[in-house]
Amino acid sequence: MAADTTLDSLPDLLADLDRPTIESSDLRTEEMLVNMGPQHPSTHGVLRLVLRTDGEMVLEAVPHIGYLHRCAEKIGENLQPYQFVPKTDRMDYLAAMNNNHVFALAVEKLAGIAVPERAKYIRIIMAELNRIASHLVSFGTYGLDMGAFTPFLYAFREREYILDLFEAACGARLTYSYITIGGVTFDLPEGFVDRCREFLDYFEPKIDEYNRLLSYNHIFTKRTANVGVIRAEDAIRWGLTGPCLRGSGVKWDLRKCLPYDIYDRFTFDVPVGLPPGGEPPVPPGMPKARVPPGVVVGDAWNRYFVRVIEMYWSVQIIRQALDQLPSGDYRTKVPRNVKLPEASVYLEGENPRGQLGFLVVGDGNPIPYRVKARGPSFCNLSITTHVCRNCLLADVPAIIGSIDVVLGEVDR
Amino acid sequence: MTPEEIARLLQDTFPDAITDVAMGTPQPYVVVAAVRWPQVAYFLRDDPRLGFNMLRCLSGVDRPAKNELEAVYDLIAMRPADAGPDAYWLAASVFAVVVRVDRARPRIPSVAGVWPAADWHEREAYDLFGIVFEGHPDSVEDHDGLHPRRILCPDDWAGYPLRKDYLFPIEYHGIPGTTEYEMPNPVH
Amino acid sequence: MADVRAEDILKPRWDPALKGRAQRVLAVLGAASAIVAVAGWFIAVNVLNGHPAAVLFLCIAPALTALLLAAGIAAIAFAGPIGRLLSALAAPIFFGGVAGLIVLVWVYGMATSFVDGLIATTAPAAPHGATVFGGPLTTQVILDALPHPVHCPVVSWLLWPLQFGPVRDVMGLIGVIGFVSLFAMFAIWWERKVAGRIQSRLGPMRVGGWHGWAQSLADGIKLIGKEDLIPAGADRPLFRLAPYLAFVPALCAFVALPFGAYWVVRNLDVALIFVLAMVGVEVIGVILGGWASNNKWSLYGAMREACQMVSYEIPMGMTLLIPIMTVGTLNLVQIGEAQRDGWISWLAFRNPFLFVAMFAYFIASLASCKRAPFDLPEAESELVAGFMTEYSGFRWCLFFFAEYAAMFVVSALATTLFLGAWHSPLPAAWGKALAGGNWLAKGLHGLLFSGPLWFIFKSIFLVYVQMWVRWTLPRIRIDQVLYACVQVLLPLAMVALLGNTFWELLVARGSVLAGLANVILSLIGAVLVLGFVVIMVYGRMNRRRLVGTLAVDHLPGA
């Protein structure tokens, strides 16, 4: 309804301000309503979780989001696509290259814009480097949530190299706006390929180090194994994608099942959650990975480990892309006011956190009629209430950390 | 199954529910009547030929020119490969369904019982467009009637921000909401 | 903004009005003290016949006060130049001060032993410190007994109060408080450096110059200057009380800890029980802090803490009983003396049950100090800061100090009961020649064979192991903590206790089996320590290769 209300005409809604589904009157005497967030060290952003607890046992957890809502979709109806690309950076700010990539692909599919080969390879390299960087953050902060302070710093030390590479390519360390409509904004600088290879050679053995430091650590395994178990059917029905879905044993990856861009030209494997004793696929030449006892398919440990193994395969993809990198244009010349046809397109890409989808509806103008961003963390987070039942208070950060939420794309 | 085959199957099974078909576009879809939508949804999910088990996205679109609000449901059918547990799952089909409702009284039955993923998506569609999803599991009752609880805006927010005629409130609990020159929706 | 000059912001000065008023107040007080000193001199000499106590209180103390106040006036008058001088000389002053303290402590030790000797020879029948100010020694007796280099009345005046028990107790307490404060400041800095090095970075580097040695000082000054915040709805008296209830018992525990054979404030016969009791009282401070904060998260921290500390008291006490049983006394000094024959005689290596008990005690003590992996009560990533969430400024500082003091206390207990107390790995008997010599030889003996420095060094090493474990391992959940306590540590402690009982009953003290066990365990212990040293040296020498040249050349601090 049109809102031409003044303060006087609003009914007394202060009493209902953000009324939680858990009413205080619902509580029994021994229960407590605890507020975790919006500012909290382990909620990975401004997420508010209202927990109904009985001592250390969490009976119910209700997430409240919207604290980082920045009206991206409304702005999308006022900007041309190439102007909207920086907005996509800020949705999942840890995987900005991937966001740009998916949005650019969606608009190019709608408008029928062709992208030169070199640009496609550069996009893949950047997207996979960002996947490594994002998984490093997720791995490090998950360790931090569990009380292991050191892997966080090792992960960020490695990430510094990736950010240096990005800074060399486009000048920014976090929000790049590098992959844009028609290609990429700048060509790769001189020496980028060599530095990238140097980094990959340095980084690949580190993943085994992280496994020995954190993944197989007995205490870490006891904190995360059999915690927050999500069955495969539930994962699919609740719309989970990415490592959350793969951790439940579903071998589904958009890069393999519905290949977009040029992912079908690369050889790589995709890890899934496995029971104890299982060996996730690791590239040849690397030490074998193994699943410790106590772990269950679909638990927090498996979701976390899928991300760690994915880093191995991203390294392989980048190596192949660097080897196959052709010369040529890095961007098609797209005219300033390209009219989008009167149609809609929905395109999804495999982001580090799941499948990011953009629905772009055109109406014949250069500015889209509607831009809808389907954030993977939005769907992944919706399972929280279903999973955090009758778990311990210490398990809540374990579950949220394993789902790996970034509030930027939950709220947009 | 190709989108054409799916559309034909739906038209054969629910001749009165499918009001329109659009196949030549980058996003092929059928238009389903709101009243019959849950039945069609269950059919889409449970029929062995279709098997759409994941709701990828639910987007609202405001069409004031036609006095309509649209809800676009993007579906995908994922199933394990026959070759065994080590093989990648197959994307059997990709499809979209559009449900159009009147802008003055937009009501669509909720499909949160069919795909629990719709839970939060429907809350967002209500929050930003005002489409009331009847039977939503997280509904609240207030002066606007029974509707899904808002998700991104505060629970007592007035108005539906993504509508084309939305005016930003002058004030929210004492916080001024207008931009320059007191215009809630300035055009530069 | 025109009337704010850059210099005002960059170099704040005292408000001149305030300066003048402070100087005037000090001048008045100084003059009063001087008058009291002069009058006191006349009264003491003429009315009270020069009684030393009277001279001390009526003359010397006021005179010293007057001098101090005069110095204060000078400091205020010349604050600028003095400040610049201090900041230039900060490092030498600090380290010189620490060295000076060590020298002072050593001198105090010699002075007290000298006074004790005099009391023993001149008034053996008078119980030590029986009367308050009418003690057996007069300044004349002391003066006569002083050796040549220090033969002067001032020294005899300074030594005269040391014959009284209360004075010694006060000096001991000052020493304890000083040591705890210095250790806490050192430990905070060191923890940050150790954490940095484990995390492939440097830690504090700026404050004070050399590797940020003044970081703790700066933090302390900042914390004292913070706003005194008590949350609305908090229980004010309990909120104020809680940090002291946590800090003071940790200090009290030091009263019974023997830093050396005669370096103990109170040689209690039930010293171990006393120390354990003090460590237990700390729990009340934590629980009160969590309750009084009016914050659900603090409450969680407090409840977890209560659970954890109380349950781990049991394995802690049980494992501590084992060396008690071997030596046969609760007196920590006697237990230390039982380990004076070098590495082999250390209780940890006497029999396998004691060896296991040492590790079990170490784990239980980690839990009782709330250190990772048992740091749930202050789990940052879940409870913001646990029971310390609402504490800021000096109150938080006290909790923090209490934690480091408790770490030292439990490490000191482990050192005393398992690792040879204040003795070096070399048998004290080898230094017998030194022990009987002059003051220099005695000092060397203390340094090499048997002295407080060894005690402190071993305790600090155990504290370092605690820090090492903290920055390596993740945190354990509360149900797993209790599981570990009741289902793992407790049975282990019981088995060790039973085993040690049977060992003591059945295996004779000098038998072959005992000797064999002793030698084997000593070798294992030596291998562990040497292995640690070797790995540390190897890592340091090969740090470029282990981290990766990319990290070392490209990023700082690897």
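Q: Why is E233(A) called partly exposed?
A: E233(A) has 46% relative accessibility, and partly exposed covers what lies between buried (under 20% relative accessible area) and exposed (over 50%), with a 1.4 Å probe and protein chains only, so E233(A) counts as partly exposed. This is a predicted model, in which local features need pLDDT of at least 70, side-chain atom pairs count only at pLDDT 80 or more, and totals for chains, interfaces and linings use all residues. Residues are numbered from 1 along each chain as its sequence is written, chains are lettered from A and ligands numbered from 1 in the order in which they are written, and side-chain values use heavy atoms, without hydrogens and water.

Q: What makes the contact of E310(A) and R246(A) a salt bridge?
A: The N to O distance is 2.5 Å, and a salt bridge needs a side-chain nitrogen of Lys or Arg within 4 Å of a carboxyl oxygen of Asp or Glu, so the pair qualifies.

Q: Why is E310(A) called buried or exposed?
A: E310(A) has a relative accessible area of 2%, so E310(A) is buried. Its partner R246(A) is buried as well, at 0% relative accessibility.

Q: How do you know that E233(A) and R231(A) meet in a salt bridge?
A: Their side chains are 3.7 Å apart, N to O, so the distance falls within the cut-off. R231(A), at 48% relative accessibility, is partly exposed.

Q: What makes E160(A) and R173(A) a salt bridge?
A: Their N to O distance is 3.3 Å, so the cut-off is met. E160(A) is partly exposed at 23%, and R173(A) is partly exposed at 34%.
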